[in-house]
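Student: I should like to work through some side-chain interactions in this model. May we begin once it is displayed?

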Amino acid sequence: MSAMPLPTALADVLARGDVWRGDTLATLPESAIPSGHPELDAELPGGGWPRGNLTEILVDRSGFGEMSLLLPALASLSNAGGWLALVAPPWMPHAPAWAAAGLALERLVVLPAGKQTAWSVEQLLACGGFAGVLAWPGAGIDARALRRLQVAAEGRPVFACLWRSTAAAASPSPAPLRLELAAAENSLSVRILKRRGRPAAQPLHLSLPRPGRSVRALAGPALSPAAARSAALAAVA
């Protein structure tokens, strides 16, 4: 009769990145992308934006510098040769601001997906060709679609971020990380609504540079569907 395996020590279990105590943060450093804001990284599980999971950023309006929060991380992904996709953004990217932040514009794809936003995001995540996928799904996205996107992102080396209204804060979401942004005097208020680990005590107030211009990193009309389709096909090919 073979010997029974010894039980795994609790310390070994707690050493795993996907297991954490309720009073601490999860630690998955190999899956995290530094945000470029040390005070924010200190509050994010793993020390940065997560790969392989959904992140939700909730805002009431656009144009107050909210995209500047992500530009350092997106620039890091872009500088490493990664492709980035923006799905149904409310405004066109302002090229000088994104270039000044260090992003390679030739590896940036913009898709005006309309009613097919959730489906488009799922396909982009499933193809495995993008280092970052940001989407603005609107109020019509439901719990089932959100769960499909979380499943599509799981285990993939991609930063998947959904921009949603603050009204969604009252609804449950499968996204392991949810943040609410608001404009504050000379800063950006970042409230962590949900994370893997202890609840956040209070909002952060970040002073963010806005490279290339002083207005917004998203500005202008959307791309035509034909142009976006051509760019997306070229990126995935």
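Student: In this predicted model, which residue meets arginine 164 in a salt bridge?

Tutor: The model is a predicted one, and the pairing is read from side-chain atoms. The closest approach runs from N to O at 3.1 Å, and a salt bridge requires a Lys or Arg nitrogen within 4 Å of a carboxyl oxygen of Asp or Glu. The partner of arginine 164 is therefore glutamate 56.

Student: How many residues apart in sequence are the parts that this pair ties together?

Tutor: Arginine 164 belongs to strand β7 (residues 159-165), while glutamate 56 belongs to strand β3 (residues 54-59). The salt bridge therefore ties together parts whose separation in sequence is 108 residues.

Student: Is glutamate 56 buried or exposed?

Tutor: The term buried applies under 20% relative accessible area. Arginine 164 has 12% and is buried. Glutamate 56 has a relative accessibility of 0%, so this residue counts as buried.

Student: Which helix holds the arginine that forms a salt bridge with glutamate 122?

Tutor: Glutamate 122 forms a salt bridge with arginine 148, with the closest N and O atoms 2.8 Å apart. The pair links distant parts of the chain, 26 residues apart, with glutamate 122 in helix α5 (residues 117-127). Arginine 148 lies in helix α6 (residues 143-153).

Student: Is arginine 148 buried, exposed or partly exposed?

Tutor: Its partner glutamate 122 is buried, at 16% relative accessible area. Between 20% and 50% a residue is classed as partly exposed. Arginine 148 has a value of 43%, so arginine 148 is partly exposed.

Student: Which residues do salt bridges that share partners join into one network?

Tutor: The salt bridge between arginine 164 and glutamate 56 has been described above. Through shared partners, salt bridges form one network of Glu56, Arg164 and Arg178.

Student: What is the distance between the closest N and O atoms of glutamate 106 and arginine 107?

Tutor: These two residues form a salt bridge. Glutamate 106 counts as exposed, with 57% relative accessibility. The closest N and O atoms are separated by 4.0 Å.

Student: With which side chain does the side chain of serine 35 make a polar contact?

Tutor: Serine 35 sits in the loop between β1 (32-33) and α2 (38-41), and at 0% relative accessibility this serine is buried. A polar atom of its side chain lies 3.1 Å from the backbone nitrogen of histidine 37. The side-chain to side-chain polar contact, at 2.7 Å, is with aspartate 41.

Conventions:
Residues numbered from 1 in each chain as written. Predicted model: local features only at pLDDT ≥ 70, side-chain atom pairs only at ≥ 80, totals over all residues. Heavy atoms only, no water. Salt bridge = Lys/Arg side-chain N within 4 Å of Asp/Glu carboxyl O. Helix = DSSP H or I, 4+ residues; strand = E, 2+ residues; numbered from the N terminus. Buried < 20%, exposed > 50% of the residue type's maximum accessible area, 1.4 Å probe, protein only. Polar contact = N/O pair within 3.5 Å; in protein donor to acceptor, adjacent residues only side chain to side chain.
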